[in-house]
Amino acid sequence: HHPSRVTLVEVGPRDGLQNEKQTVPTATKVELVHRLQAAGLREIEVTSFVSPKWVPQMADNAAVMAAVQRRPGVRYSVLTPNLKGWEAAQASQPDEIVVFGAASEAFSQKNINCSIAESIERFAPVVAAARAAGVKVRGAISCAVGCPYEGAVAPARVEEVARRMAAIGVQHVGVADTIGVGTPRQVQAALEAALRHYPLHEVSGHFHDTYGMAVANVLASLELGIATFDTSVSGLGGCPYARGATGNVATEDVVYLLHGLGIETGVDLDALIDAGLFIREALGQTSGSRAARALQAR
Ligand code: HMG
Ligand code: MG
């Protein structure tokens, strides 16, 4: 019993590019956003307002946001880990912000330099300020099935973070398999933990594809009725604080899956593939999307 329509949140410009060693020119990032929106994506995670010492690739956050020619109906989001990030992001007028926590203490420390409890304390004023400004707040729960430092993560820990995020007013949670280790039943258990505190339409799946499980995990999520997924064009990316983790599930592969199931996405697969080729050529890389490679070879 799948949803008839799925919303894809394109995270390539943020999650995809944040891990690239080579500095990607601002104009290339902007062009990528333009191609993604032209391909029909209606939610785009553009950049993050984090410390440029931690993630140099995102240092041009404000410049990217300023240069994007916005399309009506498209929602542009940015990551904001703390009040400083929110204050910097505000001038860019994002439609949504993302606070990002973790279900594992060790990952929280490595990624945002504080404990889970401290992260919730830091997020609370960000959430309040954003909501007062009419900006929607999403929360990401990293390491929802496994952690590069702690190993397996129990669903109860996801539930605890979801509960705390709900308590401070976070409106949506993304269940993130940061290192792509999860298999379908594990991912369902993590999603069900989040669903104890959020309705179906406010829970999304964010799956990295390290072990090749991400498309299976999208299908397993659809079986629960989950209808929002973070995906990355051409499978770009990884997390700088999760060594060895590959990119998110490729948007092209998820679109191919969904269209094959008769589920609407609003995305034009050919235009999406072109957007993926554009950014991979700019990076001097080949696509990480199986569907893009197969369709190109035809
Ligand atoms: P900190 O060092 O604990 O922060 O970093 P601090 O408040 O002590 O400040 C230290 C310095 O950073 C100061 O500058 C601040 O001004 C500056 P200095 O006085 O040394 O010159 N600073 C900032 N600068 C710009 N923007 C800010 C900001 N905050 C402080 N917002 C902090 C804490 C969170 C900032 C840091 O740990 C950080 O930036 N981490 C980045 C983490 C990150 O971007 N990770 C990747 C994204 S998350 C992800 O990929 C996972 C996800 O995809 C889901 C999944 O797959 O799991 C979402
Ligand atoms: Mg991620």
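**Figure 1. Ala 88 in helix α4 of the predicted model.** Ala 88 lies in helix α4, and the coordinates shown here and in the other figures belong to a predicted model. Ala 88 is classed as partly exposed because 13 to 19 neighbours would place a residue between the buried and exposed limits, and Ala 88 has 15 other C-beta atoms within 10 Å. Beyond residues up to four places away in sequence, Ala 88 touches Phe 49 and Ala 62. Arg 298 stands 210 residues from Ala 88 in sequence, and the two C-alpha atoms are 46 Å apart in space.

**Figure 2. The buried face of helix α4.** Helix α4 covers residues 83-90, and Gly 85, Trp 86 and Ala 89 are buried in it. Viewed down the axis of α4, these buried residues fall within an arc of 100 degrees, so they line one face of the helix. The elements that cover the buried residues of α4 include strands β3 (75-79) and β4 (96-102), together with helix α6 (116-132).

**Figure 3. Trp 86 and its contacts.** Trp 86 is placed in helix α4. It counts as buried, with 25 C-beta neighbours inside 10 Å. When neighbours within four places in sequence are left aside, Trp 86 is in contact with Thr 80, Ile 97, Val 126, Ala 129 and Ala 130. Arg 71, by comparison, is 15 residues from Trp 86 in sequence, with a C-alpha to C-alpha separation of 23 Å.

**Figure 4. The shell around ligand 1.** Ligand 1 is surrounded by 26 residues, of which Val 50, Ser 51, Gly 85, Ser 142 and Thr 178 come nearest. Two or more residues of this shell are given by each of α4, α5 (105-112) and β5 (136-142). The largest share, 3 residues, comes from α4. Sorted by class, the shell around ligand 1 comprises 13 nonpolar, 11 polar and 2 charged residues. Gly 85 thus appears in two of these views: it is among the residues that come nearest to ligand 1, and it is one of the buried residues of α4.

**Figure 5. Val 175 within the largest nonpolar core.** The largest nonpolar core holds 91 residues, and those touching the most other members are Ile 141, Ala 144, Val 158, Val 175 and Ala 194. With neighbours within four places in sequence set aside, Val 175 is in contact with Ile 141, Ala 144, Val 158, Ala 190, Leu 191, Ala 194, Val 203, Gly 205 and His 206.

**Figure 6. Leu 32 in helix α2.** Leu 32 is found in helix α2, which runs over residues 26-38. It is buried, with 27 other C-beta atoms within 10 Å. Apart from neighbours within four places in sequence, the contacts of Leu 32 are Gly 12, Pro 13, Ala 275, Phe 278 and Ile 279. Gly 205 is 173 residues from Leu 32 along the chain, and their C-alpha atoms are separated by 23 Å.

**Figure 7. Two loop residues with positive phi.** Most residues other than glycine have a negative phi. Asn 113 has a positive value, near 65 degrees, and is placed in the loop between α5 and α6. Asn 113 is partly exposed, with 14 other C-beta atoms within 10 Å. Ser 234, likewise not a glycine, has a positive phi of about 60 degrees. The loop that holds Ser 234 lies between β10 (228-231) and α10 (251-260). Ser 234 is buried, with 28 other C-beta atoms within 10 Å.

**Figure 8. Ala 66 in helix α3.** Helix α3, residues 61-67, contains Ala 66. Ala 66 is partly exposed, and 13 other C-beta atoms lie within 10 Å. Between Ala 66 and Pro 125, which are 59 residues apart along the chain, the C-alpha separation is 25 Å.

**Figure 9. The setting of the close-ups in the whole chain.** The protein chain contains 12 helices and 10 strands. Its radius of gyration is 17 Å, close to the 19 Å that the globule rule gives for 298 residues, so the chain is as compact as a globular protein of that length. The C-alpha trace spans about 50 × 40 × 35 Å along its principal axes. Buried residues account for 55% of the 298 residues. Among contacts with a separation of 6 or more, 72% join residues 24 or more positions apart.

Notes
Residues numbered from 1 in each chain as written. Chains lettered and ligands numbered in written order. Predicted model: local features only at pLDDT ≥ 70, side-chain atom pairs only at ≥ 80, totals over all residues. Buried ≥ 20, exposed ≤ 12 C-beta atoms within 10 Å, placed from the backbone. Helix = DSSP H or I, 4+ residues; strand = E, 2+ residues; numbered from the N terminus. Arc of directions from axis to C-beta. Contact = placed C-beta atoms within 7 Å. Near = placed C-beta within 6 Å. Nonpolar A, V, L, I, M, F, W, Y, C, P; charged D, E, K, R; others polar. Core = buried A, V, L, I, M, F, W, Y, C linked by C-beta atoms within 7 Å. Rg over C-alpha atoms; globule rule 2.2 N^0.38 Å.
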